[in-house]
Number of protein chains: 2
Amino acid sequence: MKSLGAKTLLFPTPVSIIGTYDKEGKPNVMTAAWVGVCCSQPPCITVSLRAATYSHGSIMERRAFTINIPSEKFLREVDYIGLVSGRDTDKFSAAKLTPVRSELVDAPYVKEFPLVLECKLRHTVELGLHTQFVGEIVDVKADEAILMNELPNMKSVNPFLYAPVVRKYYAVGRYLGEAHAIGKEL
Amino acid sequence: MKSLGAKTLLFPTPVSIIGTYDKEGKPNVMTAAWVGVCCSQPPCITVSLRAATYSHGSIMERRAFTINIPSEKFLREVDYIGLVSGRDTDKFSAAKLTPVRSELVDAPYVKEFPLVLECKLRHTVELGLHTQFVGEIVDVKADEAILMNELPNMKSVNPFLYAPVVRKYYAVGRYLGEAHAIGKEL
């Protein structure tokens, strides 16, 4: 095994878009890969942002955010959203996306994306360059077209993936098997 | 958009194997999907475990763990490792995997897996059913066969994915484009 140094090489990460309102109520989005589920009950998710980002101040102010899972067809929009700041750009307009006000949390979600987690801020942990925000998932909204047996179907959501450090995007591939089942063959 | 209730529907999550020593020094592994990068500098990663798991006590005791990224060919072993407890099973032996002592942190890694993050425990956050452990990544070890320009190549690592709630595994698919670049076309 070769040593590569201390690097954030989790292969792969999900790709998500964080929705927030700033203090004037302007909706904003940013692209985030530093995201992960962190508790099942209550359902919680963590997103880490640099203090320099415009969204960081908005989450501190509003104590809420949405996590929007984009489909692969929005690859260019998602990457673009990661290249500019909401401080001086209306990213919803520029990317031709539509903000919808959540009825449950003080944040907007992206109408065009198939899956949305609405989150209330529960904890803030300062780690260094990034602040870790832990949000409680209070509801999930889904486009009915992606549901199968009332739950999201991966092939219909068609999310995409990120490879940190090497900075590349990948699609989700083929179905491999049922979890908590396929291992019983051993 | 249809309401699905408060569920941990992050699509998809990575799949990783957490390596620990128990207080007697027995190496153990568990399967985790509640994992995510949470800081770039210092590089940190979060893993959330139920207090009932054997690994939870080991991380509290040793203040260290490894995050091992399995290739798709270990799908059955990874699922099996999630079905049994290290309290009463030697999971390394049962899954025919080899523990290697990290020289940097007080935890073992899995010799057969292509990518390993060696972590020292930095923060513990109690969230409910799960405890969130934040580890600082002190080094990354990689099988030389998966490297391209000194960094891991996704197709060679060949990790796999998890769809929470619906409990299904998926492969990583085709390369889509360069991050921080493809969005400039907009």
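**Figure 1. Surroundings of A:Arg167 in a predicted model.** A:Arg167 counts as partly exposed, because its relative accessibility is 41% and that class lies between the cut-offs of 20% and 50%. The model shown here and in the following views is predicted. The phi angle of A:Arg167 is near 55 degrees, a positive value in a residue other than glycine. The residue sits in the loop that runs between β14 (160-163) and β15 (168-178) of chain A. Most residues other than glycine have a negative phi.

**Figure 2. The hairpin of β14(A) and β15(A).** The two strands run antiparallel and are joined by four bridges. Across the pair, A:Ala163 stands opposite A:Lys168 of β15(A). Four residues lie between the strands of this hairpin, and A:Val165 has a positive phi there, near 70 degrees.

**Figure 3. Side chains and the second partner of β14(A).** On β14(A), A:Phe160 and A:Tyr162 point one way, while A:Leu161 and A:Ala163 point the other way. Which of these four are buried? All of them are. β14(A) also pairs with β2(A), in the antiparallel sense and over two bridges. Within that pairing, A:Leu161 of β14(A) is the bridge partner of A:Pro14.

**Figure 4. A:Glu150 in its loop.** A:Glu150 is found in the loop between β12 (147-148) and β13 (151-152) of chain A. Its phi is near 70 degrees, which is positive although the residue is not glycine. Is A:Glu150 buried or exposed? A:Glu150 counts as exposed, because its relative accessibility is 51% and the exposed class begins over 50%.

**Figure 5. Cis peptide bonds before A:Pro12 and B:Pro12.** In chain A, the bond joining A:Phe11 and A:Pro12 is cis, with omega about -15 degrees. A:Pro12 belongs to the loop between β1 (2-5) and β2 (13-14) of chain A. In chain B, a cis bond joins B:Phe11 and B:Pro12, and its omega is about -20 degrees. The place of B:Pro12 is the loop between β1 (2-5) and β2 (13-14) of chain B. Most peptide bonds are trans.

**Figure 6. Nonpolar cores.** How many residues make up the largest nonpolar core? The largest core has 109 residues, and A:Phe65 and B:Phe65 have the most contacts inside it. A second core, separate from the largest, has twelve residues. Among them are A:Val125 and A:Val134 of chain A, together with B:Cys39 and B:Cys44 of chain B. In soluble globular proteins, nonpolar side chains tend to be buried together.

Methods
Residues numbered from 1 in each chain as written. Chains lettered and ligands numbered in written order. Predicted model: local features only at pLDDT ≥ 70, side-chain atom pairs only at ≥ 80, totals over all residues. Heavy atoms only, no water. Buried < 20%, exposed > 50% of the residue type's maximum accessible area, 1.4 Å probe, protein only. Core = buried A, V, L, I, M, F, W, Y, C linked by side-chain atoms within 4.5 Å. Pairing = 2+ DSSP bridges.
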